[in-house]
Amino acid sequence: MKTLKDILYGVGISAVSGSTAVMVNNICFDSRAIGMDDVFVAIKGTLTDGHQFIDIAIAAGAKAIVCEELPEKLINEITYVQVDSGNKAMAIMASNFYGNPSKNLKLVGVTGTNGKTTVSSLLYQLFKKAGFKVGLLSTIKILVDDKVYPTRHTTPDALTINSYLKLMNDAGVEYCFMEVSSHGIHQRRTDGLVFEGAIFTNLSHDHLDYHHSFAEYRNIKKQLFDNLPKKAFALTNIDDKNGLFMLQNTKAKKHTYALKSYADYKAQILENQFHGQLLKIEENEVWSRLIGDFNAYNMLAIYATADILGLEKLEILRLISELENVDGRFQYYISKQKVTAIVDYAHTPDALKNVLETINSLRTGNENVITVVGCGGDRDKSKRPLMGHIASSLSNKVVLTSDNPRSESPTAIIAEMEVGVEPQNVQKIVSIENREQAIKTACMMAAPNDIILIAGKGHETYQETMGTRIDFDDFKIVKDLLNGLNK
Ligand SMILES: CC(=O)N[C@H]1[C@@H](OP(=O)(O)OP(=O)(O)OC[C@H]2O[C@@H](n3ccc(=O)[nH]c3=O)[C@H](O)[C@@H]2O)O[C@H](CO)[C@@H](O)[C@@H]1O[C@H](C)C(=O)N[C@@H](C)C(=O)N[C@H](CCC(=O)O)C(=O)O
Ligand SMILES: Nc1ncnc2c1ncn2[C@@H]1O[C@H](COP(=O)(O)OP(=O)(O)OP(=O)(O)O)[C@@H](O)[C@H]1O
Ligand SMILES: N[C@H](CCC[C@H](N)C(=O)O)C(=O)O
Ligand SMILES: [Mg+2]
């Protein structure tokens, strides 16, 4: 049990009814999960308003209510606390509740449209190899040093974040790398955290359904840097046209990285092969197993971060050469018949373009590139024609298919992707709703030396349709199919 007053430390309060000296058991923002003597935080969400559930929360055992608008009828035994923002209050309360765990380790946030999982997971790998105890909060999984926990969010809610940071404190973790999504910033899931630094990878088209406009999306990402403390570092990719914008109002110490522009940290790609690339980072050459221009940026971001955090430069390079691909990011399998299948999490137009350009740059003869791709349901619709266009203009053949249709019709999503296919590319396209059938078709189309790209789902091991998730693993399916076909 904790005193409500202590949990509220630092929260901007506009009114109180009842005593804040009460002891509460837990913080909860969902009336369906409330426990005895909890404090319920009412949050205005995207689907409904938590304020509607205050009575239900009290009936289920809540002892205190934190809300933006006080209910008309107040109950004497209940403490009500009025705040400006339920989301912000919850984030600060969550940090207090768990003893401000972000202060007891070095927390680095990674934001940007693409590359967050890659950069944060590789930083985790690198710092582990350097001998530290490390934590990771990523789209794929949460790691408390070696212990793995599942996750459904890129940036979880504030209570979840702080509960894992507390576990990291208990395990003696020194560095934690976390992905900071635009939803996370907008819903203030990361307010109240003390960051040692933040990294910006790049900004392109995504989530414009949620954020309405590109400017709004960009401004939200910038808030991570605006809120950094003075002693923190802010590292940005200045080859991206929004790179410097991110640092405009930060108090933190600014650092830049780039392949093309003048920057604090510079790199060059000397050689690119299927199995890796040779990079020149500052004055030294280093072999990276991860390929593509975008991974040169990722490696440079990692190098700069490790340098800023005090690791020795040559040691960083040695560790970079040992880093392994992240699950579902350019994960490849070469069949006995020399068909290469690549599974990649490219689910934005920019990522799809990058991965296809990388594949095309590695072609040595007249092998075909066959792309299997879909777009998620209940997500940014405006990316659908763009991804249809990119897939069909940069591949020889394309199978349009489903990628987590969620509550939408798979046929309708595919039709929206087809809109972006130019007339001269229409004959390259076949549309097959069933993703397994789509992958099977691509395998049947493939001749020796051809390359099949299966984009969009990467590490995901499910397909979500109408609220139901069935097991589905692109990599396993394509590997089995290629082996079966080769018998
Ligand atoms: C659109 C979105 O981001 N929604 C998130 C949000 O829920 P919401 O705003 O829809 O909540 P709501 O259903 O309107 O309910 C409002 C409040 O009433 C409460 N409630 C509701 C019903 C009830 O009976 N009782 C009750 O108390 C809810 O607990 C909530 O506090 O807050 C929830 C708690 O933090 C999140 O789990 C939920 O994520 C949903 C599931 C989701 O799919 N989010 C995705 C889009 C997301 O966040 N993605 C980003 C990654 C994006 C990227 O690729 O960069 C991520 O960081 O994972
Ligand atoms: N620095 C980068 N720039 C552009 N594209 C990238 C970069 N790094 C990775 N990608 C591409 O984007 C895909 C997604 O990468 P990653 O999972 O690291 O991004 P993310 O930002 O974590 O995505 P999410 O928003 O889903 O969490 C990769 O599979 C690859 O195709
Ligand atoms: N973090 C992203 C992942 C998209 C991955 C893609 N496979 C999809 O389901 O749309 C999102 O939730 O929008
Ligand atoms: Mg991610």
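**Entry 1: where domain 1 meets domain 2**

I started with the contact between the first two domains, and I found 10 residues of domain 1 touching 11 residues of domain 2. Helix α3, residues 86-97, gives the most to the domain 1 side, with 8 residues. I sorted that side of domain 1 by class and got 5 nonpolar, 4 polar and 1 charged. A reminder to myself: this is a predicted model.

For the bounds, I went to the domain assignment, which gives domain 1 as 2-96, domain 2 as 100-322 and domain 3 as 331-482. I also looked up the spacing: the C-alpha centres of domain 1 and domain 2 are 33 Å apart.

**Entry 2: ligand 1**

Where does ligand 1 lie with respect to domain 1 and domain 2? Both domains give residues to its shell, so ligand 1 lies between them. I noted 20 residues around ligand 1, and the closest are D30, G45, G50, H153 and S181. By class, this shell holds 4 nonpolar, 13 polar and 3 charged residues.

**Entry 3: ligand 3**

Next I listed the surroundings of ligand 3: T154, H347, G376, R379, D403, N404, G456, K457 and E460. How many nonpolar residues does this shell have? I found none; the shell is made up of 5 polar and 4 charged residues.

**Entry 4: strands β21 and β22**

I then turned to strand β22, residues 397-400. Are its residues buried or exposed? K397 and V399 are buried on one side, V398 and L400 are buried on the other, and both faces of the strand are therefore covered. I kept a textbook point beside this: side chains in a regular strand alternate between the two faces of the sheet.

For the pairing, I looked up strand β21, residues 369-373, which runs parallel to β22 and is joined to it by 4 bridges. I checked V373 in particular, and its bridge partner in β22 is L400.

**Entry 5: helix α15**

My last stop was helix α15, residues 435-445, where R435, A438, I439, A442 and C443 are buried. Why do I say that they line one face? Looking down the axis of α15, I see the buried residues fall within an arc of 140°, so they line one face of the helix. On the face turned away from that buried side, I noted Q437 and M444 as exposed.

Definitions and conventions
Residues numbered from 1 in each chain as written. Chains lettered and ligands numbered in written order. Predicted model: local features only at pLDDT ≥ 70, side-chain atom pairs only at ≥ 80, totals over all residues. Domains from an automatic or database assignment. Contact = placed C-beta atoms within 7 Å. Helix = DSSP H or I, 4+ residues; strand = E, 2+ residues; numbered from the N terminus. Nonpolar A, V, L, I, M, F, W, Y, C, P; charged D, E, K, R; others polar. Buried ≥ 20, exposed ≤ 12 C-beta atoms within 10 Å, placed from the backbone. Arc of directions from axis to C-beta. Near = placed C-beta within 6 Å. Pairing = 2+ DSSP bridges.
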